[in-house]
Amino acid sequence: QQKAIQVPQADLEPHIALQLFLPLTQTNKAFSDWTLEQLRDLSAVMPVLSFHRGYHLCRRGEAALWFGVIVSGKALASIDQVEVARLEVGDIMGYMTALGVEGSDFRSVDIVALSAGYIAVMTFETCQALLRTRPILAMKLSKMLFSKALDVTFFNYFAKQRNPQTITAESEYGLKTILQLLSSSPAMKECFKHFDKRELTVLATTARVIDFQPGQRIVRAG
């Protein structure tokens, strides 16, 4: 019996893998804000594996050791041989586990390739290590995974797509002030206990603080 992917080993050299990542910036919103340099860094640390039609990318019940992005080809997700979803280029596997969602340590579905293709994969151990070695890249990956989880949760709850547009602006606040504002939330303060000083600095550097006034619309339905 064919074994599903466990510890990924690259089938493509990074400079070739980069060519598969590049089109995603135009076709997939998860990668729309990635720069060429960031994608080059990603292709150096995120192995790309080939698969053939009928290959099991993962099996239901096995330990979830990695997350992946399909960069070529298609796959089918099923539970007890009942189709629950189809995956195409840009779709992400394992995002719930990457975010530490309770009960996601084991695969919840079987995913079988419908065609030949490639999938970029990263172990959660490697992703964790990136927080110290390449923190900006780690934050980009975290943002991508969180956005995917939010999209799925929103769709499941409201049965419609989430509007991905957000207002962005350069923050006028310093790092210390941003951290103080974030720490005013008990939930965020508890979360910060798991961050070291460098990781907090990266978070505060990438965060944007926008002022609003009483009565001002923050979000609009739809």
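The pLDDT is the predictor's confidence in each residue, on a scale from 0 to 100. That is a useful starting point here, since this is a predicted model. Across the protein chain the pLDDT averages 79, and 71% of the residues score at least 70. Over residues 157–169 the pLDDT falls below 50, although this stretch still has 15 contacts in the model beyond near neighbours in sequence. Where pLDDT is low, the predicted coordinates should not be read in detail.

**The chain as a whole**

Let us begin with the overall picture. The protein chain contains nine helices and eight strands. It has 222 residues, and 36% of them count as buried. About 13,900 Å² of the chain is exposed, with carbon and sulfur atoms supplying 56% of that area. Contacts often reach across the sequence: taking those between residues at least 6 apart, 74% join residues at least 24 apart.

**A sheet of four strands**

Next comes a sheet to look for in the structure. Four strands form an open sheet in the order β2-β7-β4-β5, and their pairing is antiparallel. The edges are held by β2 (56–58) and β5 (82–87); each has a single partner strand, so one side of each is left without a neighbour in the sheet. From one strand to the next, the twist averages 30°.

What holds strands together in this kind of arrangement? Strands of a sheet pair through backbone hydrogen bonds, either parallel or antiparallel. In this model, strand β4 (residues 75–79) and strand β7 (residues 110–113) run antiparallel and are joined by four bridges. Within this pair, Leu-76 stands opposite Val-112 in β7.

**The loop between β4 and β5**

Following the chain on from β4 brings us to two residues worth a closer look. Asp-80 is placed in the loop between β4 and β5, and Gln-81 lies in that loop too. Most residues other than glycine have a negative phi. Asp-80, however, has a positive phi, and Gln-81 has a positive phi as well. Here are their values, with Ala-44 of helix α3 added for its accessibility.

| Residue | Relative accessible area | Class |
|---|---|---|
| Asp-80 | 62% | exposed |
| Gln-81 | 81% | exposed |
| Ala-44 | 48% | partly exposed |

The phi angle is near 55° for Asp-80 and near 70° for Gln-81. Exposed means over 50% relative accessible area, so Ala-44 at 48% counts as partly exposed.

**Helix α1 and its surroundings**

Which residues of helix α1 (residues 14–21) are buried? They are Ala-17, Leu-18 and Phe-21. Looking down the axis of α1, these buried residues fall within an arc of 110°, so they line one face of the helix. The general geometry helps here: an α-helix has 3.6 residues a turn, so residues three or four places apart point the same way. The buried residues of α1 are covered by several elements, including α2 (24–27), α3, β1 (48–51), β3 (66–72) and β8 (117–123).

Ala-44 offers another view of this region, as it is found in helix α3 (residues 36–45). Leaving aside neighbours within four places in sequence, Ala-44 is in contact with Pro-14 and Arg-134. Ala-44 and His-15 are 29 residues apart along the chain, and their C-alpha atoms are separated by 8.1 Å.

Terms used
Residues are numbered from 1 along each chain as its sequence is written. This is a predicted model: local features need pLDDT of at least 70, side-chain atom pairs count only at pLDDT 80 or more; totals for chains, interfaces and linings use all residues. Side-chain values use heavy atoms; hydrogens and water are left out. Buried means under 20% relative accessible area, exposed over 50%, partly exposed in between (1.4 Å probe, protein chains only). Contact means heavy atoms within 4.5 Å. Accessible areas come from the Shrake-Rupley method with a 1.4 Å probe; for residues, only the protein chains shown count as cover. Two strands pair if DSSP finds at least two bridges between them. Axes are lines fitted to C-alpha atoms, for helices over the stretch in contact, and angles run from 0 to 180 degrees between N-to-C directions. The arc is that of the directions from the helix axis to the C-beta atoms.
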